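Colleague: I would like to learn how to read a protein model. Could we go through one together, feature by feature?

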Amino acid sequence: MANIVIVGTQWGDEGKGKIVDLLAEYSDYVVRFQGGNNAGHTMVVNGEQFISHLVPSGIIQGKTCIIGNGMVVDPEVLIQEIDYLTEKGVDVSPAQLRISDKAHLIMPYHRAMDNAREAANKKKQIGTTGRGIGPCYEDKAARRGIRFVDLLDPGFEENARLVAQEKNFYLENFYKSEPVDIGEMDARFDNFRKRLAPYVTDVSVLIDTVLREDKKVLFEGAQGTHLDIDHGTYPYVTSSNTVSGNACCGSGVGPKKIDKITGIVKAYTTRVGKGPFPTELFDETGDMIQEKGAEFGATTGRRRRCGWIDAVMLKNAVRLNSLTGFAVTKLDVLGGLESIKICIGYSCRGERIEHFPTSLGMLSDCEPVYETVPGWKQDISGIRAYKDLPENTRKYLARIHELTETPVEIISVGPGRDQTILLNNPFA
Ligand code: GDP
Ligand code: IMO
Ligand code: MG
């Protein structure tokens, strides 16, 4: 039996969707445990691209997918996604997809608050995805959120209306922006109930039942370690815990059920939205990586900022998640570079530091200390065996292993499911 967690190690978009889709073949259930439709996970199978924002990335492999209690779900977006996947011939029936009765609903007023806040103070913008993620988690913590269990219980609308009235007060009077139409919000609930009620279940009980049958479960993280609400570059983070520990809280299983934790690492670093990024490139190498890597957000279409790989971040990710192995993605994108830089530490205010500082002021004073390694000229996207990789590519991977004390178990050389070298299957 093996249950594994997959998390992003950087600032999201590391290629989690691809690796989850790949490893889902060896699992029986795939569970997402945090975040919402701020995520955009891409899978490419036989040349066809699928992007999921809410439905776990195991759905294309025909595995039962579970939306855990730690997620925040915009019912409108979920219905659209179910329809989109169904049109593409994917089975997203209630037999294939389950939603926790404890997951929280993103309401129109959450989206409105997210956008009004970002617009109100351009200088302090976080650069959120505008999907209402932060405001929904706020209401969850304030014990005034709406959960799927409430949707099944007529009468909950009264609570939603009360919260909406308060948000409208802020929207109109403080943010001087448009209030939400409470009548229109009300009118949609029946459809949400009709479409989504058949999917709702107690996910903790379901997972416990299947684990007793020795089924394998893959827990799919969203965002990345450095967007974690506690451990990321606060306040330039998302509003949930993205680290592996939250796989347990966000789905209702205990930590002893987790066997392995795989961290997804892009062969370089990207970030969407605002916030510090010590190894960011502002030159033509950065532009080359951005173009060749097609670094545009899968959710908002924004251009992703690009920079060199950062071993300080990766060591943080190893520690915070108890990583047992890495999947290195987008290695093909680095092909053609004369040399490649790896950040191995920071120089900060005259001192060498090895850990990501908590203070953003200090982080902005950090200069990366680089080690330069030779690049490779070949196009590696067609290579399927480790031994066939250019020597310098193998050296780059070995250096990542050495610096982080964590083995590279999966190598991705292109977006397609088959463009992968599986050195050590975490489910084995
Ligand atoms: P996620 O949010 O971590 O699932 O990642 P995204 O899907 O947002 O972004 C990753 C992008 O890189 C997607 O467009 C993938 O199709 C693509 N991708 C994944 N792995 C590779 C790879 O090894 N090489 C290349 N060139 N593209 C990849
Ligand atoms: P996946 O799962 C990359 C970023 C946003 C913003 C910050 C807060 O595809 O890797 P939010 O809307 O969550 O309040 O925005 O977090 N962000 C992501 N960046 N990938 C993601 O998800 C992200 N989800 C949120 O750009 O900087
Ligand atoms: Mg993404």
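Colleague: Let me begin with a single residue: is Ile59 buried or exposed?

Modeller: Keep in mind that this is a predicted model. To judge burial, look at the relative accessible area, where a value under 20% counts as buried. Ile59 has a relative accessible area of 2%, so it is buried.

Colleague: Where does Ile59 lie in the chain?

Modeller: Ile59 is in the loop between β4 (48-52) and β5 (64-67). You can also ask what it comes together with in space. Tyr29 is 30 residues away from Ile59 in sequence, and their C-alpha atoms are 9.3 Å apart.

Colleague: I would like to try another pair of that kind. How far apart are Val373 and Lys341 in sequence and in space?

Modeller: They are 32 residues apart in sequence, and 6.2 Å apart from C-alpha to C-alpha. Val373 belongs to strand β18 (residues 366-374). Its relative accessible area is 14%, so Val373 is buried too.

Colleague: Now the metal. Which residues coordinate the magnesium ion?

Modeller: For a metal, look for the protein atoms that act as donors, and note which part of each residue they come from. Here the magnesium ion, ligand 3, is coordinated by the OD of Asp13 and the O of Gly40, at 2.0 to 2.2 Å. Asp13 sits in the loop between β1 (4-8) and α1 (16-24), while Gly40 sits in the loop between β2 (29-32) and β3 (41-45), so this pair ties together parts that are 27 residues apart in sequence.

Colleague: And is Gly40 buried or exposed?

Modeller: Gly40 has 12% relative accessibility, so it counts as buried.

Colleague: Next, ligand 2. Which residues come nearest to it?

Modeller: When you read a binding site, start with the surrounding residues, then go on to the polar atoms. There are 20 residues around ligand 2, and Asp13, Lys16, His41, Thr129 and Thr238 come nearest. In the side chain of Lys16, an N or O atom is 2.7 Å from an oxygen atom of ligand 2. The side chain of Thr238 has an N or O atom 2.6 Å from an oxygen atom of the ligand. With Gly127, a backbone N or O atom lies 3.4 Å from an oxygen atom of ligand 2.

Colleague: How much of the accessible area of ligand 2 does the protein cover?

Modeller: On its own, ligand 2 has 550 Å² of accessible area, and the protein covers 98% of that. The space that ligand 2 takes up is the largest pocket.

Colleague: Where does ligand 1 sit?

Modeller: Ligand 1 is in the second largest pocket. It is surrounded by 19 residues, and Lys16, Gly17, Thr42, Asp332 and Ser412 are the closest. Look at the backbone as well as the side chains. Oxygen atoms of ligand 1 lie 3.1 Å from a polar backbone atom of Glu14, 2.9 Å from one of Gly40 and 3.0 Å from one of Gly414. The protein covers 91% of the 590 Å² of accessible area that ligand 1 has on its own.

Colleague: Which element gives the most to the shell around ligand 1?

Modeller: That is α1, with three residues. The elements giving two or more residues are α1 and β3.

Colleague: Can we look at a contact within the protein? What joins the side chains of Thr420 and Lys18?

Modeller: A polar contact of 3.0 Å joins them. Thr420 lies in strand β20 (residues 420-422). At 10% relative accessibility, Thr420 counts as buried.

Colleague: My last topic is the backbone. What should I expect there?

Modeller: Most residues other than glycine have a negative phi, and most peptide bonds are trans. You can then search for the exceptions. The peptide bond from Tyr234 to Pro235 is cis, with omega near 10 degrees. Pro235 is in the loop between β10 (217-220) and α9 (246-249).

Colleague: Which value does phi of Asn46 have?

Modeller: Phi of Asn46 is positive, about 50 degrees, although Asn46 is not a glycine. Asn46 lies in the loop between β3 and β4, and with 81% relative accessibility it counts as exposed. Ser322 also has a positive phi, near 55 degrees. Ser322 is found in the loop between α11 (311-321) and β15 (325-329), and its relative accessible area of 47% makes it partly exposed.

Definitions and conventions. Residues numbered from 1 in each chain as written. Chains lettered and ligands numbered in written order. Predicted model: local features only at pLDDT ≥ 70, side-chain atom pairs only at ≥ 80, totals over all residues. Heavy atoms only, no water. Donors = N, O, S within 2.8 Å, 3.2 Å for Na, K, Ca; no water. Helix = DSSP H or I, 4+ residues; strand = E, 2+ residues; numbered from the N terminus. Buried < 20%, exposed > 50% of the residue type's maximum accessible area, 1.4 Å probe, protein only. Near = heavy atom within 4 Å. Polar contact = N/O pair within 3.5 Å; in protein donor to acceptor, adjacent residues only side chain to side chain. Areas by Shrake-Rupley, 256 points an atom, 1.4 Å probe, with all protein chains shown as cover. 1 Å grid on protein atoms, 1.4 Å probe; cavity = no way out; pocket = protein on both sides within 12 Å on 5 of 7 lines; lining within 4 Å. Sits in = over half its atoms within 2 Å of the grid points.
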